[in-house]
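Visitor: I should like to take a close look at a single part of this structure. Please guide me through it step by step.

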Amino acid sequence: MTKAANDPGYLVAALYKFVALDDWRDMQPRLQAAGEAKGIVGSLLLAREGINGTIAGRAADLRAFLENDLLVDARLAGLSLKESHAAAKPFRRLKVRLKKEIVTMGVDGIDPRQIVGTYVKPADWNALIDDPDVVVIDTRNDYEVAIGTFEGAVNPNTRSFREFPAWAKNYQGLHNKPKVAMFCTGGIRCEKSTAWMKEQGFDEVYHLEGGILKYLEEVPAEESRWKGECFVFDERVSVGHGLKTGDYTLCRGCRRPLSAEDRASPLYEEGVTCPHCHDELSDDQKARFAERQRQMRKAREEGYVHLGAKPDAAEKKETAADKPRG
């Protein structure tokens, strides 16, 4: 079925809040049912410490879900919420999951409700990171940093947010300047990383309010210090200034973002493998991914939706497109 010319596409909402949710387990089935009834897709994570997620739907349906099913809970007032648009459906289905943490840092006792860094508005961010007394740190993972970051930012080269505390303890550059400025995709990782930094004794710790997404939405491209695109955890893969969908696609073998150069490589096979994972995947995995791609291609030709094969043992780790971050 082709998309109608006047089809408005999908509204995407990235949201989070650190708040005590003692009934978080009871919230899961209610939100799952309400979201499915309204055609909402994406992921929501619930934990005792709060809520985090990225969800999407037709604009009226998504707004109804936000207003009537989420924000009707007074505890979620002041929820951090960033909206953008996607021309195509950015997720396959809705998953409301229960987690120990809404963003996994793996350090007990970190509570952004009690202590956190100083929030900096996007309009004021350039002046902060231009200050020679500031060390600027990108708290995201290596594959995210690879496609875009702020000028002069330090890349910790971490593969997961759990690695950040160990990296920070060993990075001597943090002790060379009196101020630390941190940023991430939507702000939630910085809530925990700045709280942790404050507990380590760093006094002047700042973070970009609303994250990179808010900066790209509000700061004009001609004034921007951002270079490249911003990885997002949905089928858009990346966005640029004005939150316009970027040029990257996703490797279905390893879930890494792929540039045009990556896709031109002889090691790239659509839906199967790419230059990053060609030597990592077994022949059996490549054969199964190739069969999955064949079935998906056939489904497109015959006009129905193919949701893909269930993940095997190598894929059961939470993949980039399924795991809310910020």
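Which residues are exposed on the other side of α2?

Guide: Please note at the outset that this is a predicted model. The exposed residues on that side of α2 are Ala-60 and Glu-67. To place them, consider the helix as a whole. Helix α2 covers residues 59–70, and at 1.5 Å a residue its 12 residues should span 16 Å; the end C-alpha atoms lie 15 Å apart, which agrees.

The buried residues of α2 are Leu-62, Phe-65, Leu-66, Asp-69 and Leu-70. Viewed down the helix axis, these buried residues fall within an arc of 115 degrees, so they line one face of α2. The general geometry of helices helps here: an α-helix has 3.6 residues a turn, so residues three or four places apart point the same way.

The cover over the buried residues of α2 includes α1 (24–37) and the strands β1 (10–18), β2 (41–47), β3 (50–57) and β4 (80–86). Among these, β1 merits attention: nine of its nine residues are buried, so this strand is largely enclosed by the rest of the structure. Tyr-10, Val-12, Ala-14, Tyr-16 and Phe-18 point one way from β1, while Leu-11, Ala-13, Leu-15 and Lys-17 point the other way.

Strand β1 also pairs with two of the other covering elements. With β4 it runs antiparallel, joined by seven bridges, and Leu-15 has Leu-81 of β4 as its bridge partner. With β3 the pairing is likewise antiparallel, over eight bridges, and Lys-17 stands opposite Ile-51 of β3.

Technical notes. Residues are numbered from 1 along each chain as its sequence is written. This is a predicted model: local features need pLDDT of at least 70, side-chain atom pairs count only at pLDDT 80 or more; totals for chains, interfaces and linings use all residues. Side-chain values use heavy atoms; hydrogens and water are left out. Helices (H or I, at least four residues) and strands (E, at least two) are DSSP runs, numbered from the N terminus. The expected span of a helix is 1.5 Å times one less than its number of residues. Buried means under 20% relative accessible area, exposed over 50%, partly exposed in between (1.4 Å probe, protein chains only). The arc is that of the directions from the helix axis to the C-beta atoms. Contact means heavy atoms within 4.5 Å. Two strands pair if DSSP finds at least two bridges between them.
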